Amino acid sequence: MINLLILGGTTEANALAKAVAAQGVSAVYSYAGRVDTPRPQPLPVRAGGFGGADGLAGYMRDNAVTHVIDATHPFAAQMSGNAVTACREVGVPLAALTRPAWHAQDGDRWAHVPDITAAVAALSGPAQRVFLAVGRMHLEDFAVQSQHHYLLRLVDEPDALPSPHCDVVVSRGPFSEADDRALMQRHGIELVVSKNAGGTGARAKLDAARALGLPVLMIDRPALPQRVELSSVTQVLDWLAHP
């Protein structure tokens with residue numbers, strides 16, 4: 001019998017939850033707890049951290065977890081690392097459901113930086129109108145570059161703002177290129193800052209930036225431990241059936 005733990009919070013995790021529920025697979029969907037209003041799931045849900053790799057290993061033992069799917073955000077490096085360590089300790093098979101990274105296309109004006117710290121440093125200089133698409137948890141990092149006027153689009157209201165000059169849009173994707181182009185024009189955006197989250201749900205801002213000829217400061221993905229990586233729900237279901 002499979003008793004699956006899904007480390008979720010992404011569009012891919014939501015699709016997997018629907019698929020395993022439809023097949024009657026015993027599973028729990030885990031949210032990291034960073035979203036105030038998470039989407040309802042067709043599976044039992046837990047929210048909040050596990051207490052590091054040791055806590056996750058203890059949870060798996062206590063709940064007789066047989067398989068783990070890491071379908072967290074590509075930038076959730078700590079959680080993904082903890083999953084590798086915990087699964088190795090307990091002897092539970094682990095696979096990651098990953099979304100392909102974005103790659104620049106003709107007409108894109110991307111400058112790459114390796115992490116948030118480098119992105120913050122790259123914003124030194126004269127004030128600009130910046131679409132800061134890095135998620136709520138990193139906003140305070142950009143407070144040292146408070147000269148900019150930031151456009152923030154978030155799933156939930158932010159706890160703190162990186163600048164006294166901010167426009168906040170609370171909205172949940174997916175978004176269209178036409179809508180994002182109109183949004184950027186309405187706010188006079190001069191630069192887009194984005195994590196390379198990949199997938200389709202948040203790509204519209206990059207397509208809109210290309211259409212408007214705007215530069216993009218692209219934050220590259222963190223390095224993650226080696227693990228089995230799958231790219232579709234179908235592949236995950238096949239892996240569960242034939243690990």
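Which residues does Ser-163 touch, not counting residues up to four places away in sequence? Ser-163 touches Ser-146, His-148 and Tyr-150. Contact here means heavy atoms within 4.5 Å.

This is a predicted model, in which local features need pLDDT of at least 70, side-chain atom pairs count only at pLDDT 80 or more, and totals for chains, interfaces and linings use all residues. Residues are numbered from 1 along each chain as its sequence is written, and side-chain values use heavy atoms, with hydrogens and water left out.

## Ser-163 and Asp-108

Ser-163 lies in the loop between strand E8 (149-154) and strand E9 (166-170). Helices (H or I, at least four residues) and strands (E, at least two) are DSSP runs, numbered from the N terminus. Ser-163 counts as buried because its relative accessibility is 5%. Buried means under 20% relative accessible area, exposed over 50%, and partly exposed in between (1.4 Å probe, protein chains only).

Asp-108 is in another loop, between E5 and strand E6 (109-113). Asp-108 has 17% relative accessibility, so this residue counts as buried. Leaving aside neighbours within four places in sequence, Asp-108 is in contact with His-103, Leu-206 and Arg-210.

The table gives polar contacts of these two side chains. A polar contact is a pair of N or O atoms within 3.5 Å; within protein, one must be able to donate a hydrogen and the other to accept it, and residues adjacent in sequence count only if both atoms are side-chain atoms.

| Side chain | Partner | Distance |
|---|---|---|
| Ser-163 | Ser-146, backbone oxygen | 3.1 Å |
| Ser-163 | His-148, backbone oxygen | 3.0 Å |
| Asp-108 | Gln-105, backbone nitrogen | 2.6 Å |
| Asp-108 | Arg-210, side chain | 2.9 Å |

## Leu-206

One contact of Asp-108 is Leu-206. Leu-206 has its place in helix H6 (residues 204-212). Is Leu-206 buried or exposed? Leu-206 counts as buried, because its relative accessibility is 1%. Leaving aside neighbours within four places in sequence, Leu-206 is in contact with Trp-102, Asp-108, Trp-110, Ser-194, Val-216 and Met-218. Take Trp-110 from that list. Leu-206 and Trp-110 are 96 residues apart along the chain, and their C-alpha atoms are separated by 9.6 Å.

## The cores

In soluble globular proteins, nonpolar side chains tend to be buried together. A nonpolar core is a set of buried Ala, Val, Leu, Ile, Met, Phe, Trp, Tyr and Cys residues joined through side-chain atoms within 4.5 Å.

The largest nonpolar core has 21 residues. Ile-6, Val-20 and Ile-69 have the most contacts inside this core. Two or more residues come from each of strand E1 (3-7), helix H1 (11-22), strand E2 (26-31), strand E5 (94-97) and helix H7 (233-241). H1 gives the most, with five residues. Setting aside neighbours within four places in sequence, Val-20 is in contact with Leu-4, Ile-6, Val-25, Ala-27, Leu-43, Leu-237 and Leu-240. A second, separate core has 19 residues, including Leu-123, Leu-154, Leu-217 and Ile-219.

## Around helix H2

Helix H2 covers residues 52-62. Its buried residues are Ala-53, Leu-56, Ala-57, Gly-58, Tyr-59 and Met-60. These buried residues pack against E1, E2, strand E3 (45-47), strand E4 (67-70) and helix H3 (77-90).

Phe-50 is in the loop between E3 and H2. Phe-50 is buried, because its relative accessible area is 15%. Leaving aside neighbours within four places in sequence, Phe-50 is in contact with Leu-5, Leu-7, Ser-30, Gly-55, Leu-56, Tyr-59 and Met-79. Phe-50 and Val-65 are 15 residues apart in sequence and 14 Å apart in space, C-alpha to C-alpha.

Ala-64 lies in the loop between H2 and E4. Ala-64 is exposed, because its relative accessible area is 51%. Most residues other than glycine have a negative phi. Ala-64 has a positive phi of about 50 degrees although it is not a glycine.
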